[in-house]
Amino acid sequence: MALASSSFRFVDAALSTTGPLALSYAHVNLKWLIRDHLLALLADFPSLSPSIASFTHDDGTTVHLLNASGRLPLPFFTSRGIPLTIWLHQDYPLFRPLVYLSPPSPTASTIPHNHPFVDPSGAVGSPYVKSWQYPKSNLSDLVRNLANLLALSPPFVVGPPRSPSPPKRLPSKREAIDRLVAILHRDMASMKAKAEGDIEAALGLQARLYARARDLSIVERALVRERGSLKGRAAAMDEAKDVLVNWLLVNHRGGAIDGSGLDEVFEGEEDQNSMLFVDYKAEELAIEDVMYEMEKGLNGGVVPLEKYMKEVRGLAREEFFVKVKSMKLKR
């Protein structure tokens, strides 16, 4: 009781202070209401104690405010509770209090980014705080609600979690809503993680499809070029055929131009040297064709340079010997 009396005297003295040390509360006539709310909170939660300190807002404004700090007991989390600080805004109770949590120990985990009620900085954004409305809202109910929420969804991990015992009463409407908010938040976080995984997989598949489309485009262009080359060769062969037919019309030896007797036109002297020369010439042309295809494979990246050089050296050597044999037959 001595501790409670000292807290009461501290609050009364702080609110009655004037001059440079006066508190920054804008509505002087509401100081008695601030006193009643704060003293009711300290009576309901003896683990909290009042103090005065400077508070800096996000816009850089510094004010002199009352706060209640201590450990909030959570029976299903840790016997020591979670460090809690409640700042009474300079427009309290018309403006909601500012509530912050701190890690209960150096080994406690950090607050996850997807926690439904507490952000990573420790600022509490529970439904009760966000929907603060005077005179329906007060500090004691806020802390009770916060204790229920944190027992349902602890912001820190300290050792193995405890299993909560079955509730002894039906939850109130606000508790039911808070539990529903926590469940929905966890479901949304799970769905978001799954959606992000699906998007990542889809992006990977898209990249692979783009790569395949690029490869198919390269193959398509090569086939178009090959088709053009084949058309050109076919046209050249048609022209050569016409030249050959005209030559036959002029130089045939009494044979019909309908196909019979054409073999006699091209038959030459059947001797061994002529047959060998034809074989050597065919082999020489075959080697040149192989070397040409090897060069195309090198340019297309299909044949490695080392493999190309080795094969070309061997083919060039064979071609040289074939040419030497052909030259000997001509003599």
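Which residues of helix 4 are buried? Hi everyone, let me start there. They are Leu139, Ser140, Leu142, Val143, Asn145, Leu146, Ala147, Leu149 and Leu150. Please keep in mind throughout that this is a predicted model.

Let me stay with helix 4 for a moment. Helix 4 covers residues 139-152, and at 1.5 Å a residue its 14 residues should span 20 Å. The C-alpha atoms at its ends are 20 Å apart, so expectation and model agree. At the start of the helix, Asn138 has a side-chain oxygen that comes within 3.2 Å of the backbone nitrogen of Ser140.

Now to the core. The largest nonpolar core has 44 residues, and the members that touch the most others are Leu41 and Leu72. Which elements give two or more residues to this core? They are helix 1, helix 2, strand 1, strand 2, strand 3, strand 4, helix 3 and helix 4. Helix 4 provides the largest share, with seven residues. As general background, nonpolar side chains in soluble globular proteins tend to be buried together.

Leu72 is a good place to look on your screens. Setting aside neighbours within four places in sequence, Leu72 is in contact with Phe45, Gly81, Ile82 and Leu84, and also with Val143, Leu146, Ala147 and Leu150. Val143, Leu146, Ala147 and Leu150 are among the buried residues of helix 4 that I listed at the start.

Next, helix 2. This helix runs over residues 31-44, and its 14 residues should span 20 Å at 1.5 Å a residue; the end C-alpha atoms are 20 Å apart, which agrees. Its buried residues are Lys31, Leu33, Ile34, His37, Leu38, Leu39, Leu41 and Leu42. You will recognise Leu41 there, one of the two core residues with the most partners.

Ile34 of helix 2 brings me to a loop residue, Tyr25. Tyr25 sits in the loop between helix 1 and helix 2. Is Tyr25 buried or exposed? Its relative accessibility is 5%, so Tyr25 counts as buried. Apart from neighbours within four places in sequence, Tyr25 contacts Ile34, Leu65, Leu66, Leu88, His89 and Gln90. A polar atom of the Tyr25 side chain also lies 2.9 Å from the backbone nitrogen of Leu66. And although Tyr25 and Tyr92 are 67 residues apart in sequence, their C-alpha atoms are 7.6 Å apart in space.

Gln90, one of those Tyr25 contacts, deserves its own look. Gln90 is in the loop between strand 3 and strand 4. At 16% relative accessibility, Gln90 is counted as buried. The side chains of Gln90 and His57 are joined by a polar contact of 3.1 Å. Not counting residues up to four places away, Gln90 touches Ser24, Tyr25, Ala26, His57, Val63 and Leu65.

On to the aromatic rings, where the count is five pairs. One of them is Phe55 with Tyr100, a tilted pair at 6.4 Å centre to centre and 45 degrees between the planes. Phe55 belongs to strand 1 and Tyr100 to strand 4, so this pair ties together parts 45 residues apart in sequence. Phe55 is buried, with a relative accessible area of 9%, whereas Tyr100 is partly exposed at 29% relative accessibility. Another pair is Tyr128 with Trp132: the ring centres are 6.3 Å apart and the planes stand at 70 degrees, so the pair is edge-to-face. Tyr128 is buried at 5% relative accessibility, and Trp132 is buried at 11%. Ring pairs also link Phe55, Trp87 and Tyr100 into a cluster.

Finally, further along the chain, helix 7. Helix 7 covers residues 272-299, and its 28 residues should span 40 Å at 1.5 Å a residue; the end C-alpha atoms are 41 Å apart, which agrees. Its buried residues are Tyr280, Glu284, Ile287, Met294 and Gly297. Just after the helix, Gly301 has a positive phi of about 80 degrees.

My last stop is Ser326, which lies in helix 8. Ser326 is at 7% relative accessibility, so it counts as buried. What does Ser326 touch, not counting residues up to four places away in sequence? The answer is Phe277 and Tyr280, and Tyr280 is one of the buried residues of helix 7. Thanks for listening!

Methods: Residues numbered from 1 in each chain as written. Heavy atoms only, no water. Helix = DSSP H or I, 4+ residues; strand = E, 2+ residues; numbered from the N terminus. Expected span 1.5 Å × (residues − 1). Buried < 20%, exposed > 50% of the residue type's maximum accessible area, 1.4 Å probe, protein only. Polar contact = N/O pair within 3.5 Å; in protein donor to acceptor, adjacent residues only side chain to side chain. Phe/Tyr/Trp six-rings, centres within 6.5 Å; stacked < 30°, edge-to-face > 60°. Contact = heavy atoms within 4.5 Å. Core = buried A, V, L, I, M, F, W, Y, C linked by side-chain atoms within 4.5 Å.
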